[in-house]
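Here is a short tour to read with the model open beside you. Take it one topic at a time, and keep the viewer handy.

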Amino acid sequence: DVKIIRESAAFMLLSLGSSSRYYKTDNVWIPFRKIDGKWGIDLATLQNTALERARGAARRVTCRNNLKQIGLALHMYAADYDEKFPDDFSALYPNYIGTAKIFKCPNDKTMSEMKEIKPDTRVSYVYVAGLTNQDSADRILAYDASPDFHNGEGRNVLFLDGHVAWYAEKEFQKLLNKNKEE
């Protein structure tokens, strides 16, 4: 399932202009542009779109790595405090995580770069407080605060055992509801 161009009409008009056309087949957008009276595939738009998709994928991986580092820090904290995790992320900074930027998803455009973490600091991840190392390994420990960080496609989720997995938004909501019931 490859999407060459976002399915937003506004995006297509901005990126292709009025002298362009596009063709859609099975979720693949192929931009066409009229040059010297002839229609041809608009390779520049294809390249830019492919680059943007690659950048988005790289940012998703960075987000996943942020959650992995947070997970390691949470476990180090728990090892120091009778197997209990902290009340909030601020307990991890700066002793367990030396840079505040770990708490910001690179796709989170709603906040600026982070300099420090305090108890009331807004971060890109939701932390599920109140767990200990004795809880079930498949419990959710933290996750992306908004699906919008990844174009509404889904979220990265940190589990108690330290692994991070990607979930499409519908599956994430089911997982979150199941997790709340436990």
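The buried residues of helix α3 are covered by, among others, strands β5 (140–144), β6 (154–159) and β7 (164–168). Please keep in mind that this is a predicted model. With that said, here is the helix itself, followed by the overall layout, the cores and the aromatic rings.

**Helix α3**

- Helix α3 spans residues 169–181, which makes 13 residues.
- From first C-alpha to last, α3 reaches 19 Å, close to the 18 Å expected at 1.5 Å a residue.
- Five residues to pick out in your viewer are E169, F172, L175, L176 and N179, as they are buried in α3. They share the same side of α3 because they cover an arc of only 115° around the axis.
- Turn to the other side of α3 and you will find K170, K174 and E181, which are exposed.

**Overall layout**

- The protein's secondary structure comes to 3 helices and 7 strands.
- Read from the N terminus on, the elements follow the order α-β-β-β-α-β-β-β-β-α.
- Of the 182 residues in the protein, 36% are buried.
- Taking contacts between residues at least 6 apart in sequence, 39% join residues at least 24 apart.
- The protein exposes about 10,800 Å², and carbon and sulfur atoms supply 51% of that area.

**The nonpolar cores**

- In soluble globular proteins, nonpolar side chains tend to be buried together.
- Here, the largest nonpolar core has 30 residues, and I70, L74, F89, L92 and F103 have the most contacts inside it.
- Elements giving two or more residues to this core are α2 (43–80), β4 (125–127) and β5. The largest share, 7 residues, comes from α2.
- What does I70 touch, not counting residues up to four places away in sequence? The list is F89, L92, I97, I102, F103, Y125 and L158.
- Apart from this core lies another one, of 8 residues, and I140, Y143, F159 and A165 are among them.

**Aromatic rings**

- The protein has 6 aromatic pairs.
- One of them joins F89 and F103: this pair is tilted, with 5.4 Å centre to centre and 45° between the planes.
- F89 and F103 each lie in the loop between α2 and β4, so their pair ties together parts that are 14 residues apart in sequence.
- Are these two rings buried or exposed? F89 counts as buried because its relative accessibility is 6%, and F103 counts as buried because its relative accessibility is 0%; the cut-off for buried is under 20%.
- F89 also pairs with Y127, and this pair is tilted too, at 5.0 Å centre to centre and 40° between the planes.
- The pair of F89 and Y127 links distant parts of the chain: F89 is in the loop between α2 and β4, while Y127 is in strand β4, 38 residues apart.
- Both partners, F89 and Y127, are buried.
- Elsewhere on your list of rings to look up, Y77, Y81 and Y96 are linked into a cluster by ring pairs.

Technical notes
Residues numbered from 1 in each chain as written. Predicted model: local features only at pLDDT ≥ 70, side-chain atom pairs only at ≥ 80, totals over all residues. Heavy atoms only, no water. Helix = DSSP H or I, 4+ residues; strand = E, 2+ residues; numbered from the N terminus. Expected span 1.5 Å × (residues − 1). Buried < 20%, exposed > 50% of the residue type's maximum accessible area, 1.4 Å probe, protein only. Arc of directions from axis to C-beta. Contact = heavy atoms within 4.5 Å. Core = buried A, V, L, I, M, F, W, Y, C linked by side-chain atoms within 4.5 Å. Areas by Shrake-Rupley, 256 points an atom, 1.4 Å probe, with all protein chains shown as cover. Phe/Tyr/Trp six-rings, centres within 6.5 Å; stacked < 30°, edge-to-face > 60°.
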